[in-house]
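Me: Before I accept any label for this structure, I would like to see each one set against the definition behind it.

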Amino acid sequence: MKLRWDTAVGVLLVAVFLTGLGTTDGFASRDNLAFAFNDIAEVALMALPMTLLVVAGQVDLSVASMLGLSSALTGQLWDAGWAFETIVPIVLLVGVAGGLLNGWLVTRVGLPSLAVTIGTLALYRGLASVVLGAGAITDFPETYAKWAVDTTTVPGTFLTYPVTLFIVLAAIAAVVLHATGVGRSLFAIGAQEDAAYFAGIRVKRLKLLLFVVSGLISAFAGVVFTLRYGSARADNGQGFEMLVIASVLLGGVDFDGGKGTLFGAVAGVLLIGVLKNLLTLNDVANEVQVIVTGLLLVASVLTPRLITTVSAWRHRRAAASTS
Amino acid sequence: MIQRSRARTRVATAAAVCALAVALAGCGGTTKKDSDNGGPAKTDAKADPGAPLKKGLKLAFLPKQINNPYEKIIDEAGITAAGEFGGKGKEVGPSDASASSQVSYINTLVQQRQDAILIAANDPNAVCGPLKQAMKKDIKVVAYDSDTAPACRQLFINQASSEEIGRSQVQHLAKQLDYKGQIAILSATQNATNQNTWIRFMKDELSKPAYKNMKLVKTVYGDDDDQKSFQETQGLLKAYPKLKGIIAPTTVGIAAAARYISGSSYEGKVVLNGLGTPNQMRKYVKDGTVEQFALWDPKKLGYLGSYAAAALASGQITGAEGEKFKAGKLGEYTVGKNGEVILGPPTVFEKSNIDKYHF
């Protein structure tokens, strides 16, 4: 009964992984593992700032649109003959600007983040279409593309470069969330924003910072995505925002804010990734995969509430019988 | 706390500005100049035209999306054909047609050690990397219906020559309209390789003097989605009241457009032509909404694809121009330029012959 939800997701992840090793040909191969983890690299990257945001009671629905905008911009600038080394910082700055806009609307104008980012979800995707139109830009430089594809791994491991980067950033995010004052402030904001404010926490500033980081990482994920598929398009990553949020919630981060762990969120992302890989390898139809992921998500939101309700009920009954 | 976060912001800003400065200073970095996307994939292997078809070949069909009825027909025919020569076929694929959605399936098919992958590409380039990896592992790659970049597959099974399809659509509609009036195109997705190639040839055909009284006013995209195609048709007819004809080179689109027109005030005033399947269009041909439309036989396309993949996997051909192979009851085919194999000219369906076809 005292098993925490995020630990449970971690255990489930290990179980699914071991099942894969034991039952499925090709699952354990270096190529497949490299692929399986690389395949969710962008979602995983964007899930890191999302975890911090959700803990603080916020959400950023515009991440996938920012990925698309960044992809479109990368493609268009590349096509115009710009140097890749120049394109990347520009794209990242656009990510920062997008994050600032989200953060500004939330903190200065005082709109709820759900409403703001539903708006910018459409706005950034629209801008992406304006930047690149309907076509695709391809032929990215081999020198950079090789860092993003799943055939190039860090020597001696099955970890690709995007995944390695994710591990580093995840470690940083974990330290920030669980071992610093900033992290404690985020939990406080998520639990009781007013109380956090009166306790002297710079609520607005922290929220703004989170949206900026989210924009920055999403833009970076856009560059990775573009190189990985060798195809810059305005509709790249469409629908990923749901996958990102689903992974974070699956990992036990409470959508109401104030509760959750980075470990849980990471386990959630990996669980969805490994499960998808395993189901595909076993020729499970796509519709069934969608249902499985959906059920997992419903369970992840429902189970902790059920546990709380049941234990509260037991508590009441115990109290009633002693009186 | 406040001091710390301020200092941190400053450091971050400084870092970003530095990165930008360095980047701008180093503008001589990697640019677009030296990229090269050559012809079809080459193999060192020699073709052995006399080699028998191998037994027990594993073929996998990867359509644009699994619930696309038209591609299902192709794939099922291909799977049946595989049974004819003692092979085993299957169909797997994503439920959405986005650029990246087919990639995990390619990886999977490589892990499963299929002998050949037959793919209708959603994006000619997004699938390239994994397909090249597949070919490196000696898995044969055949594109059908919608091509990949030529370097990423050994063969492309084309329904009919793209030029012939594009031009004939315009020619048919022009005859029906007496070479006069505004026309529009209702396509599938904006990135579909096949659709865009046809539309290019349609535009080229329209630029000829014979069509000087015809004007293409708009191309809209129904995304191979029934409801969206229906709405786009509705929008077109509202926006262009003088519209005389619509070409819908997509089976989903033409059926949705016919459904809208048949119940509206435009019935009999707007000519609809394009590519559709007889089963979907039978009703509209019989009630007079649509006079004629065209398509190749998708069953033959799947059948040909299956035999072509088997010929590749058995070493009869390598994908080089001029090689010949036997495609069961369809007879002999020759590999054309860029690894293209053409099924044949499209069939025109109308009241007189539509009952002979059931797909």
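The turns below take up confidence, then chain A, then the two sheets of chain B.

Me: What makes a residue eligible for a local feature here?

Reply: This is a predicted model, in which local features need a pLDDT of at least 70 and side-chain atom pairs count only at 80 or more, while totals for chains, interfaces and linings use all residues, and side-chain values use heavy atoms, with hydrogens and water left out. Residues are numbered from 1 along each chain as its sequence is written, with chains lettered from A and ligands numbered from 1 in the order in which they are written.

Me: How do you know where confidence in chain B is lowest and highest?

Reply: The pLDDT is the predictor's confidence in each residue, from 0 to 100, and chain B averages 88, with 89% of the residues scoring at least 70. Confidence is lowest in helix α1 (residues 2-25) of chain B, at a mean of 52, and highest in strand β3 (residues 116-119) of chain B, at 97. Over residues 21-27 of chain B the pLDDT stays under 50, and the model has 6 contacts for them beyond four places in sequence, a contact being heavy atoms within 4.5 Å. For the model, the scores are ipTM 0.83 and pTM 0.79.

Me: Why is chain A called as compact as a globular protein of its length?

Reply: The radius of gyration is taken over C-alpha atoms, and the globule rule is 2.2 Å times the number of residues to the power 0.38. For the 323 residues of chain A that rule gives 20 Å, and the radius is 21 Å, close to it, so chain A is as compact as a globular protein of that length. Its secondary structure comes to 14 helices and 0 strands, where helices (H or I, at least four residues) and strands (E, at least two) are DSSP runs numbered from the N terminus.

Me: Why is helix α11 of chain A said to be largely enclosed?

Reply: Buried means under 20% relative accessible area (exposed is over 50%, partly exposed in between, with a 1.4 Å probe and protein chains only). By that criterion 20 of the 27 residues of α11(A) are buried, so the helix is largely enclosed by the rest of the structure; of the 323 residues of chain A, 51% count as buried.

Me: How do you know that the span of α11(A) fits its number of residues?

Reply: The expected span is 1.5 Å times one less than the number of residues. Helix α11 (residues 203-229) of chain A has 27 residues and reaches 39 Å from its first C-alpha to its last, close to the expected 39 Å.

Me: What makes β2 and β13 of chain B edge strands?

Reply: Two strands pair if DSSP finds at least two bridges between them. The open sheet of 6 strands has the order β2-β1-β3-β4-β5-β13 (chain B), with parallel pairing, and β2 (88-91) and β13 (340-342) each pair on one side only.

Me: How do you know that β6 and β8 of chain B pair?

Reply: Against the minimum of two bridges, strand β6 (residues 181-187) and strand β8 (residues 243-248) of chain B are joined by 4, and they run parallel. In β8(B), Ile247(B) is the bridge partner of Ile185(B). These strands belong to an open sheet of 4 strands in the order β7-β6-β8-β9 (chain B).

Me: What angle does helix α6 of chain B make with β6(B)?

Reply: Axes are lines fitted to C-alpha atoms, for helices over the stretch in contact, and angles run from 0 to 180 degrees between N-to-C directions. Helix α6 (residues 193-206) of chain B lies across β6, β7 and β8 of chain B and runs at about 170 degrees to β6(B).
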